Amino acid sequence: MTKIRISFNRLLDEEYSKLIFFIPSVILLAIFALPLIALVLRSINSEFFNNAFSEQAFKALRLSLVTSSITTVLAFIFGTPLAYILARWKIKGKSWLEILLDLPIVLPPSVAGLALLMAFGRRGLFGSTLTLFGISLPFTTAAVVLAQIFVAAPLYIRSARIGFSEIDSQFEEAALLEGANQWQLFYEVMAPLARRALVSGAILTWTRSLGEFGATILFAGNLEGVTQTMPMAIYLGFERNLGVALALSMVLIFASVLLLMLTKKIEKHRQD
Amino acid sequence: MKRFLALPLLLSIFLTACGVAVTPTLAPAAAQIPTLAPTAVPLTATPEPQTLTVFAASSLTDAFGEIGKAFEAANPGVTVTLNFAASGALRTQIEEGAPADVFASASGKEMDTLVTGSLVTKDVPQIFLTNKLVVIMPANNPAALEKLEDLAKPGIKLVLAAETVPVGNYARQALDKMNGSFGADFKDKVLANVVSNEDNVKQAVAKVQLGEADAGIVYVSDVLAAPELKSIEIPADLNVIAKYPIAPLTKSANADLAAKFVEYVLSAEGQALLQKWGFAPVK
């Protein structure tokens, strides 16, 4: 057995051993790249600009950008303290909380949409109480944001939690010895140390909410300018005419690439 | 180290999203390869198994579910696979090469597009049923709607199918007709009450069933499938008659079976099943 292994290893000289890394990577990259290339090639036609720069496309893109940005900001404001508690404080039932927060990541968005309807729909568990105050969430832009928070904010919380928990506790102890209170400890020591995790988590949440479809269509519906986000416009474009769906997809890809480049730049700039 | 923070996270999302445990599935798959060949042989002895793929409009969900089963019972060895979506979405899928044998559309427009693209032979599509529109409300009728004119009451939550979906298009045509009876701005007032343009008729029905919307304009056949709903009839002169065409597809790999299915849908038996689900038969 050992003999065989040794001779096998000898077969793998420097060049061949590189292939072990190279071939699987190329195959996987092809799976990501080929559909996108096909999409670009198919969308190039004379109707492209008419389809891509329609008023519907503009409204949908604007709504997508606004809602996903709000979602990311809310995830940051509410998710950072939660992630911090989960990472640094000793509390009971922590693992259950972590399961609760990981669940939306693994659940299909359709389940998320149904769950939101059951909770905040007009006849939902809490929806009927909200109705008493004249608040009705389904079919509103707020419902779009709520669906995105449910589906995408856990990504930020998860990333932030891991970031905070990787910080060596001697930093914490040193800060507390110097007389820092909990806020100073967080703001001046922990948050800067976890900065990269926070930024990459925020990017994940932002891009995931930009692509949110399943929970939104169930919980928020589809109305131009109010709840029709880009993924929804693309899906309905598919019913009308493939050219529209392709053009809108291109616009969304272009916007996503642009914003991802921007966030990468910010991330890099902060590191330097 | 922290640079790679996102990587395991992304990987775990990907794996859980697929619902696949990678390592265990690989081993049994490899182990099964030698056993596949011998078991495949005896299958050919029984009547040749055939699969018929039918693409049908969402409104046909219940009726074609039953027709598919009846067709399977009448033709041993045949499995009917049904794919329901808005007719336009199905049409696009067929244009992009989806392996369908039969297309049953809720509008002539989508069928005509396929005829133009030579995916359906000219003059082959036949109208196999008609359907008409109705206004539906949740069982408790939260907006207290009683007559068609109430659809224009400000602030009610109305759900339609998107204009690109046949029933959504028919609903807008009906509203055009109602302008003549209820005043020229009736349609605009009603459309101002629309809170969502759903991607197929069943989604519109579901939103009303859940009580999220106060009303929806759908097919009469949908009410039969959801008897708890309240409804307001639309009189014949204001209604729109939806004519559903059906045809085998030219690229079908089972042309004979496809033709047989179309024949069955148009037979007395098939028509009776459609009538049972609230559609108006043509024969």
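What percentage of the 283 residues of chain B count as buried? In this predicted model, the share of buried residues in chain B is 42%. Chain B contains 11 helices and 11 strands, and of its contacts with a separation of 6 or more, 75% are made by residues 24 or more positions apart.

**Helix H8 of chain A**

In chain A, helix H8 covers residues 141–165, and its 25 residues reach 35 Å from the first C-alpha to the last, which is close to the 36 Å expected at 1.5 Å a residue. The helix nevertheless carries a kink of about 40° at A:Ala152, shortly before the proline A:Pro154. Because 22 of the 25 residues of H8(A) are buried, this helix is largely enclosed by the rest of the structure.

**Where chain B touches chain A**

Between the two chains, 24 residues of chain B are in contact with 28 residues of chain A. On the chain B side, at least two residues are supplied by each of helix H1, helix H4 and strand S7, and the largest share, five residues, comes from S7(B). The residue ranges of these three elements are set out below.

| Element of chain B | Residue range |
|---|---|
| Helix H1 | residues 6–18 |
| Helix H4 | residues 87–95 |
| Strand S7 | residues 194–198 |

Sorted by class, the side of chain B that touches chain A is made up of 11 nonpolar residues, seven polar residues and six charged residues.

Technical notes: Residues numbered from 1 in each chain as written. Chains lettered and ligands numbered in written order. Predicted model: local features only at pLDDT ≥ 70, side-chain atom pairs only at ≥ 80, totals over all residues. Helix = DSSP H or I, 4+ residues; strand = E, 2+ residues; numbered from the N terminus. Buried ≥ 20, exposed ≤ 12 C-beta atoms within 10 Å, placed from the backbone. Contact = placed C-beta atoms within 7 Å. Expected span 1.5 Å × (residues − 1). Bend = angle between axes of the 7 residues up to and from the residue. Nonpolar A, V, L, I, M, F, W, Y, C, P; charged D, E, K, R; others polar.
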